[in-house]
Amino acid sequence: MATSTTKALAGEEPPGPSRAGDGTETSRRRGAWLHRLDVKGAPYAFVAPFFVVFAAFSFYPLIYTSWISLHDVELATLDVMEWVAFDNYVELWGDSRFWNALQNTITIGIISTVPQLLMALGIAHLLNYRMRASLFFRVASLVPYATSVGAAALVFTMIFERDFGMINWGLGLVGVDPVNWEADKWPAQVAISTIVIWRWTGYNALLYLAAMQAIPADRYEAASLDGASRWQQFRHVTVPGIRSTIVFTIVLSTIGATQLFGEPLIFGQGPNGVTGGANNQYQTLGLLLYEEGWKNYQMGRSATVAWAMFMLLVLAFVAQRLIKRLRSRTS
Amino acid sequence: MTTHSLPARTDAPARTEPEKPARHGGRRLLRERAGRTHHAGPLAYILLVLMAVLSIFPLYWTMVAASTDNTRVSQTPPPFLPGPNLFSNLARAWDEAAMGKAMINSTIVAGVIALSTVFFATLAGFAFAKLRFKGRNVLLMLVIGTMMVPPQLGVVPLFMMMSELGWSQQLPAVIFPTLVSAVGVFFMRQYLSEALPDELVEAGRVDGAHSLRIFWSIVLPVARPAMAVIFMITFVHAWNDFFWPFVVLDMTNPTVPVALTQLSAGYVRDQSLIMAGALLGTLPLLAMFIVFGRQIVSGIMAGAVKG
């Protein structure tokens, strides 16, 4: 388009130089040049803000984290960085709190993610039926998503309270002794996972539902012609039909699980809960990162924990890849 | 990534509503019907009602606990019906627990972030959907790739950066890192690819309009429904964002989720005050969900990876 304008301009050019013609020609040329600049340059200008903000506030910090992790930096004197090479990593490797936090992150991650996605799948299947009040059910499933970590964790802290909490009261009605949901390791991890499951199941269900509705109908018709039962249709048509959505939600939930912070923090009663319980029984890597940096004032070690979290994420995806490859080989 | 797809009109959630298929054309009707031949049986209704109860009950109980007094909340059996103190507790939470300031701060933070995300997402989404330029696909892949980077990992340098800029404990520290969103860009790109006809953009070019003018007078009117969806979803996320605000803000100038942690950290735990604060911090989003629930649901479903 830019070239055709230039040609047109050249063709129209009046013969013989005159003052006035000179002026219009320059302005026309400038117009054409501006137009070309606009067509070529505007797209980059339009996408630039995203990349500038991402580079400045996400990418650069991510890379710089690794540099900081090779230094001793104190919270009070952020500009004083003392080179210590891999000392922080060696110390972290020998620190039992790190292994404890790593283990808690993995166990809470599994307890919260697996039931969450399975339940979301079931709910999506139900929502996919033709029914009355389907909009109500969809909005209702999304209500926990609108609740902040803070509010959700506070409510569940009370529901799981040892002495007057609703869960223990209910357990008492059926003759079960009260459970110490905060102080005991596994109950605490289950309670924290409950908060995560409550907040995210409905959201994942809607993602699955959207994918289920995009499955072509003839696949179901073919399956039912083959005499497949409803369960067989679900297993052999629905689940394979939404495979990439399932992968997508697994990726997102895995990322969320490695970053878990707000739920255990508030379940452990506010800003003092960074230790994740009196015996670190539910301290996650996110909490450890915060504790090292903003309670112990060791920013270098905090950055080291961040790198450990990143490695955990990478390992999780490598593991997923391997499992997938093994499964496709056996089947 | 070719499996991503987005219906052309996110403002038409009725296309996902099975109860009134007659409004749509024959093709749509066929698809709706064929995709879901089964009617929900009683068991499906029972399970869904159970799901709805479990989803809503914790919030209902927040309201119950916020409307009684501290001694009643700490008794067994726990209260199940609202008491008389709802408004006095909400007023106390507003004053005592810095919730008033937190609500104002969160409104500013979430409002600015949502507006800026919508604007930049529309700008970039338009370029990715309708403009031709070198490296377009690579850049789009980069945008999608950034979704996989957890922001928490860069928190130490980000904190150092903010204290150098003098933004520690200030709202800009929370606002600037989240001025854009990859999800928003991608969502808008998908939407505009289908909703904005190429001819419209070409016509604008022939009339001699420059790109910004085309954006302003041709793209924006078409993009409006998707802009509304991105605004609402970003607002929810920004309002609820916790880790970074918790790190960089303090109790003198908190957002809502940050202020909520303070509520439970006091020496004397006033349970009904805590619950009043939690309820107060959730009310704006709940109101939004009640009014725009349909749009938010269809927006989330439209932005889903399908396949």
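I began with A91(B), which sits in helix α4 of chain B, residues 86-96, where helices are DSSP runs of H or I with at least four residues, strands are E runs of at least two, and both are numbered from the N terminus. The model is a predicted one, in which local features need pLDDT of at least 70, side-chain atom pairs count only at pLDDT 80 or more, and totals for chains, interfaces and linings use all residues. Residues are numbered from 1 along each chain as its sequence is written, while chains are lettered from A and ligands numbered from 1 in the order in which they are written.

I then asked whether A91(B) is buried or exposed, and found it partly exposed because it has 14 C-beta neighbours inside 10 Å; buried requires 20 or more other C-beta atoms within 10 Å of the residue's own, exposed 12 or fewer, and partly exposed lies in between, with C-beta atoms placed from the backbone. I also looked up its distance to G277(B): the two are 186 residues apart in sequence, yet their C-alpha atoms are 9.4 Å apart in space.

Next I turned to the contact between the chains. It takes 86 residues from chain A and 93 from chain B, two residues being in contact if their C-beta atoms, placed from the backbone, lie within 7 Å. On the side of chain B that touches chain A, α14(B) supplies the largest share, 14 residues, and that side divides into 59 nonpolar, 27 polar and 7 charged residues. Here Ala, Val, Leu, Ile, Met, Phe, Trp, Tyr, Cys and Pro count as nonpolar, Asp, Glu, Lys and Arg as charged, and the others, Gly among them, as polar.

Which residues of α6(A) meet α14(B)? I listed G150(A), A151(A), L154(A), V155(A) and M158(A), which meet Q271(B), I274(B), A278(B), G281(B) and T282(B). The residues of this contact divide into 6 nonpolar, 4 polar and no charged.

Last, I looked at chain A as a whole, where I found 14 helices and 2 strands. Its radius of gyration is 29 Å, well over the 20 Å that the globule rule gives for 331 residues, so chain A is more spread out than a compact globule; the radius is taken over C-alpha atoms, and the rule is 2.2 Å times the number of residues to the power 0.38. The C-alpha trace of chain A spans about 105 × 70 × 45 Å along its principal axes, and 42% of its 331 residues count as buried.
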